[in-house]
Amino acid sequence: MAEISRRAAALGTENAFVVLAEVNALARQGKDIISFCIGQPDFPAPEHVQEAAIRAIRGGKHGYTPSAGIDELREAAARYLGAMRGGLPIRPQDVVVGAGAKPFIAYAILSTTDYGAGDEVIYPNPGFPIYESQIVANGAKPVPIHLHEARDFAFDLSDLEKKINKNTKLLILNYPHNPTGGSLSRSELQQIARILEKHPQVWVYADEIYSRLVFSEEFFSIAQAPGLYERTIISDGASKTWAMTGWRIGFASNPVLAPVLTRWITNTDSCASQISQWAAVEAINGPQEAAQRMKDSFLQRRNLIVGLLNDVPGVKCRTPGGAFYAWPNVTEACRMIGAADSEEFRKRLLNEAGVAVLADIHFGSRVPGEGQHVRFSYAASNEAIEAGVSRLADFIRRNTKKAA
Ligand code: PMP
């Protein structure tokens, strides 16, 4: 019998999509579900961006583009990425356009490690699940570095020092961070850069897809730290900043690897959608009011959800510094209702209270000693946030009485 490869059988996934399917199935049965599980802005793309896409269609922009993207977008993205990062000297030829930022995770791993050679990749845990699945699928060794609630979901720098060795080829960083909403401060990034000085063979993949959604301080990239520019792959894109997740436009920048990343694209997608590329030129070069309004709205909703969650019995939530995720600690709530862990808690919350969230195990193996967490994507209306957290509180109260 023809069989699938072990590699394909073992391939990880993004459980947000799996839970979304569960939610849709329940919704089809007529259940009333409030969903906080999918990580995307709840806005349409800005009107002027939509108009640019229509102009591209009407103007006959229907063909392939160069694999690295149209010149206009590479120029716009180079200017934009540099200006957002303290004036880094990013040139258009250093920028590669992809069908979203996600493909660059695999391309970066493929470009810096060899299959089965013992090459190691360090990545945040909890973290975006595609890091681990692509490291494993591409035959490198996954080395998770634990994030700690007491450090607002940063890792311990001495832990990083311990994990780097001569086999380490790539360090993946993500700030602001999915799923915790935590970030890395300028000083932490500079300290990481100092540690990396001793390990010149290590590349850095800076997943900066949430760079425009930083609430507390000004955005700072590790590529701005001394000596890090040449070996950092900066990854950013249109998805989160301009509410364009389905348009599939991301951009990565590195002065050495740009031609290599381009070759991967020639081998896979050929190029990103030309229509979306023209729309992204407008998103970058056009007015920024819509992006600013969305950011303001996420900040207001962050404050709303964190305040409400902290009033729920058994729930404690740190204030996330960016993105649109809250990562409350539900260890006590699990104990109160007799749930074995965050995953049982999540399933019961969905089935008994109609509230969809993700559990920590969807973002890597649970960090020892850190307790149980769930993720709320708060890119939802104020009404949904209020009703969802109120259902959560009722669910815990109702079940605490039963358990007691
Ligand atoms: N990195 C992280 C940390 C993300 O959360 C996401 C989207 N969920 C991506 C990358 C991929 O974004 P894109 O839509 O640009 O592929």
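In this predicted model, the ligand is surrounded by 13 residues, and the closest of them are Ala101, Asp207, Tyr210, Ser239 and Arg248. Polar contacts to oxygen atoms of the ligand are set out in the table below, where each row gives the protein partner and the distance.

| Residue | Partner atom in the protein | Distance to an oxygen atom of the ligand |
|---|---|---|
| Ala101 | polar backbone atom | 2.7 Å |
| Asn178 | N or O atom in the side chain | 2.8 Å |
| Tyr210 | polar side-chain atom | 2.7 Å |

On its own the ligand has 400 Å² of accessible area, and the protein covers 94% of this area.

Elsewhere in the chain, an open sheet is built from three strands in the order β10-β13-β12, with antiparallel pairing. Its edge strands are β10, residues 325-326, and β12, residues 358-359, each of which pairs on one side only. Strand β13 spans residues 374-377 and runs antiparallel to β10, to which it is joined by two bridges; the bridge partner of Tyr325 in β13 is Ser377.

The cysteines can be considered next. A disulfide is a covalent bond between the sulfur atoms of two cysteines. With a cut-off of 2.5 Å between the sulfur atoms, the count of disulfides comes to zero. Cys317 has its closest cysteine sulfur in Cys334, and because the two sulfurs are 15 Å apart, they are too far from each other for a bond. Cys334 is likewise in no disulfide, with the sulfur of Cys317 as its nearest cysteine sulfur. Cys317 counts as buried because its relative accessibility is 8%, and Cys334, at 3% relative accessibility, also counts as buried.

Definitions and conventions:
Residues numbered from 1 in each chain as written. Predicted model: local features only at pLDDT ≥ 70, side-chain atom pairs only at ≥ 80, totals over all residues. Heavy atoms only, no water. Pairing = 2+ DSSP bridges. Helix = DSSP H or I, 4+ residues; strand = E, 2+ residues; numbered from the N terminus. Buried < 20%, exposed > 50% of the residue type's maximum accessible area, 1.4 Å probe, protein only. Near = heavy atom within 4 Å. Polar contact = N/O pair within 3.5 Å; in protein donor to acceptor, adjacent residues only side chain to side chain. Areas by Shrake-Rupley, 256 points an atom, 1.4 Å probe, with all protein chains shown as cover.
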